[in-house]
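Thank you all for coming; I would like to spend a few minutes on the empty spaces and the nonpolar cores of one model. Please have a look at it before I go on.

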Amino acid sequence: MQLDHATGWCRGIRHCPSPNFNQRPDGEISLLVIHNISLPPGCFGTGKVQEFFQNCLPADEHPFFQEIAALQVSAHFLIERDGAITQFVSCLGRAWHAGVSCFDGRVNCNDFSLGIELEGADETPYSDEQYDSLISLSKLLQQAYPAITAERVCGHSDIAPGRKTDPGPSFDWQRLRTASIIA
């Protein structure tokens with residue numbers, strides 16, 4: 001896996017472009033946000049996350065889909081249970097993953113962050129393959145964007161407390177920090 005600095009797209013992984021992005025106001029990339037997602041909730045390997053990020057989620061397939069089908073959301077990356085990585089938005093683009101958020105006194109974290117979704121749920125342990133891919137991807141992103149220091153890697157719950165809980169208590173922060181975070 002390699003990052004093309006000119007385009008912000010990673011080579012060697014799947015691309016599934018989402019229309020749900022816009023330009024960063026200042027071009028700054030200095031925060032990495034870890035999320036989780038599963039569609040329907042608690043179900044893995046359905047391909048529905050990809051459909052959701054492309055505004056193609058079939059609302060009639062599940063009651064939860066009716067609630068979210070009209071939302072326009074994306075993340076830069078999704079790491080599936082088997083460790084496969086899909087990129088939806090160029091790192092240079094502003095993906096719509098954080099929503100109402102604040103980090104270190106700054107609001108609108110989408111403006112300066114990259115979002116990585118792990119296929120999972122708060123209480124479900126993540127797979128070894130997911131951690132391996134997350135560690136590799138985190139290292140790559142930190143090398144490309146040195147402003148993403150160890151202190152600037154957080155969960156969605158950290159930037160939207162009370163509103164979001166992911167990546168949840170089953171996420172092993174120590175495993176990520178020990179293995180991947182560049183000092």
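**Pocket, cavity and cores**

The largest pocket holds about 580 Å³ of space, where a pocket is, on a 1 Å grid over the protein atoms alone, an open set of points with protein on both sides within 12 Å along at least five of seven lines, and where a volume is the space filled by probe spheres set on points joined across faces, edges and corners. This is a predicted model, in which local features need pLDDT of at least 70 and side-chain atom pairs count only at pLDDT 80 or more, while totals for chains, interfaces and linings use all residues. Residues are numbered from 1 along each chain as its sequence is written, and side-chain values use heavy atoms, with hydrogens and water left out.

What lines this pocket? Its lining, meaning residues with an atom within 4 Å of a point, comprises 26 residues, of which Asn36, Ile37, Glu117, His156 and Lys164 lie nearest the centre. Strand S5 gives the most to this lining, with 3 residues; helices and strands here are DSSP runs (H or I, at least four residues; E, at least two), numbered from the N terminus.

There is also 1 cavity of 30 Å³ or more, a cavity being a set of points where a 1.4 Å probe fits but cannot get out, and its volume is about 40 Å³. Among the residues that line the largest cavity are Gly45, Lys48, Leu78 and Glu119, and helix H1 (residues 48-53) gives the most to that lining, with 3 residues.

Let me turn to the cores. A nonpolar core is a set of buried Ala, Val, Leu, Ile, Met, Phe, Trp, Tyr and Cys residues joined through side-chain atoms within 4.5 Å, and buried means under 20% relative accessible area with a 1.4 Å probe, protein chains only. The largest such core has 26 residues, of which Phe77, Ile116, Leu141 and Tyr145 touch the most other members. Helix H3 (128-144) is one of the elements that each supply at least two residues of this core, and H3 gives the most, with 7 residues.

Leu141 lies in helix H3 and is buried, with a relative accessible area of 0%. Leaving aside residues up to four places away in sequence, Leu141 touches Leu32, Phe77, Cys91, Leu114, Ile116 and Ile148, contact meaning heavy atoms within 4.5 Å. On the same basis, Tyr145 touches Leu3, Ile29, Cys91, Leu92 and Leu114. A second, separate core of 14 residues includes Ile37, Phe53, Ala75 and Leu78.

Technical notes. Buried means under 20% relative accessible area, exposed over 50%, partly exposed in between (1.4 Å probe, protein chains only).
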